[in-house]
Amino acid sequence: MSQAKLSVNINKIATLRNSRGANNPNLVKTALDCERFGAQGITVHPRPDERHIRYQDTFDLKAAIKTEFNIEGNCEEQKFVELVLANQPAQVTLVPDILGQITSNHGWDTIKHQNYLQDIIGVFKEKNIRVSIFVDPNTEMVEAAKTTGTDRIELYTEAYASGFHRDKEKAIAPYIFAAKKANDLGIGINAGHDLDLDNLQYFAQNIPGLLEVSIGHALICDALYLGLENTIQRYLYQLA
Ligand SMILES: CC(=O)[C@@H](O)[C@H](O)COP(=O)(O)O
Ligand SMILES: NCC(=O)COP(=O)(O)O
């Protein structure tokens, strides 16, 4: 049985809202509805061009939501660091995005960026914000994550998701190794990117110590057909 919490990433709701300039759909209302329908957290990933989540959205969400607020983003942007410190979310997830990236596509090299990560993680932890860092399923990267001082890692699941239908055992194998290493080192485990109703249950059942998944793109796509309440219930069922 999985103990993993579901944090709904609402970036795509902001994408839809921004396409017309007004406030439909209302991002805060959607976040509150996600909570009402059972989500145990809300995730946003503001990007420098504010193409979906705007910086102001984080303050509006922080003031309204009751579950765990997770802000993801690129900590090499000073504006992002200031935004997180001003919001005091339950968790910040540090992602090594480069400018203009369509979506996140790689984890941290925790060996190469060891000193940088130690420093920046210290900045957030000093304010009692739990820190998670985005990593590929690579035991060396997990080992070096330990000495950065991070509380958790977020396993980047794109490779798992894209290999799942071909050979799910092969696709999940590196994630099991990485998770066991994290468990041995006392690092908490989150996961996300391209998780969906097909691949989530197998992942949750096979990753020891999985604490949280953040899911956005597929969940919002499913909601178009199934409705948001029904969709969230189905994702929770995969985690039960
Ligand atoms: C960090 C991560 O895995 C991403 O999936 C991200 O949170 C989604 O960002 P976009 O919605 O901008 O693709
Ligand atoms: N951290 C991953 C996330 O928040 C959502 O990723 P995706 O489900 O939109 O691919």
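Two strands count as paired if DSSP finds at least two bridges between them. In this predicted model, strand 5 and strand 6 (residues 152-156) meet that condition, being joined by 4 bridges and running parallel. One contact between these two strands can be picked out by eye: Phe 134 has Glu 154 in strand 6 as its bridge partner. The route between the strands passes over a helix, and strand 5, helix 6 (residues 139-146) and strand 6 together make a right-handed β-α-β unit.

Strand 5 has another partner as well. Strand 4 (residues 91-94) runs parallel to strand 5, and 4 bridges join the two. Here Gln 91 is the residue that stands opposite Arg 130 of strand 5. To get from strand 4 to strand 5 the chain goes through helix 5 (residues 114-125), and this β-α-β crossover is right-handed.

How many residues of strand 5 (residues 130-135) are buried? The count is 6 of the 6, so the strand is largely enclosed by the rest of the structure. A look at the two faces of strand 5 shows how this burial is arranged: Arg 130, Ser 132 and Phe 134 lie on one side, Val 131, Ile 133 and Val 135 lie on the other, and all of them are buried.

The aromatic side chains offer a second feature to explore. A search of the whole structure finds 7 aromatic pairs. One of them is formed by Tyr 160 and Phe 164, an edge-to-face pair with 5.6 Å from centre to centre and 70° between the planes. Tyr 160 counts as buried because its relative accessible area of 0% is under the 20% cut-off. Phe 164, at 11% relative accessibility, is buried for the same reason.

Tyr 160 also pairs with Tyr 175, again edge-to-face, with the centres 6.0 Å apart and 70° between the planes. This contact links distant parts of the chain: Tyr 160 belongs to helix 7 (residues 158-163) and Tyr 175 to helix 8 (residues 168-185), 15 residues apart. Both Tyr 160 and Tyr 175 are buried.

Which residues do the ring pairs link into a cluster together with Tyr 160? They are Phe 164, Tyr 175, Tyr 202 and Phe 203. One ring of this cluster, that of Tyr 202, has a charged neighbour: the charged end of Lys 168 sits over the Tyr 202 ring, 4.8 Å from its centre.

How values were computed. Residues numbered from 1 in each chain as written. Chains lettered and ligands numbered in written order. Predicted model: local features only at pLDDT ≥ 70, side-chain atom pairs only at ≥ 80, totals over all residues. Heavy atoms only, no water. Phe/Tyr/Trp six-rings, centres within 6.5 Å; stacked < 30°, edge-to-face > 60°. Buried < 20%, exposed > 50% of the residue type's maximum accessible area, 1.4 Å probe, protein only. Lys NZ or Arg CZ within 6 Å of the ring centre and 35° of its normal. Right-handed = clockwise from strand over helix to strand, strands pointing away.
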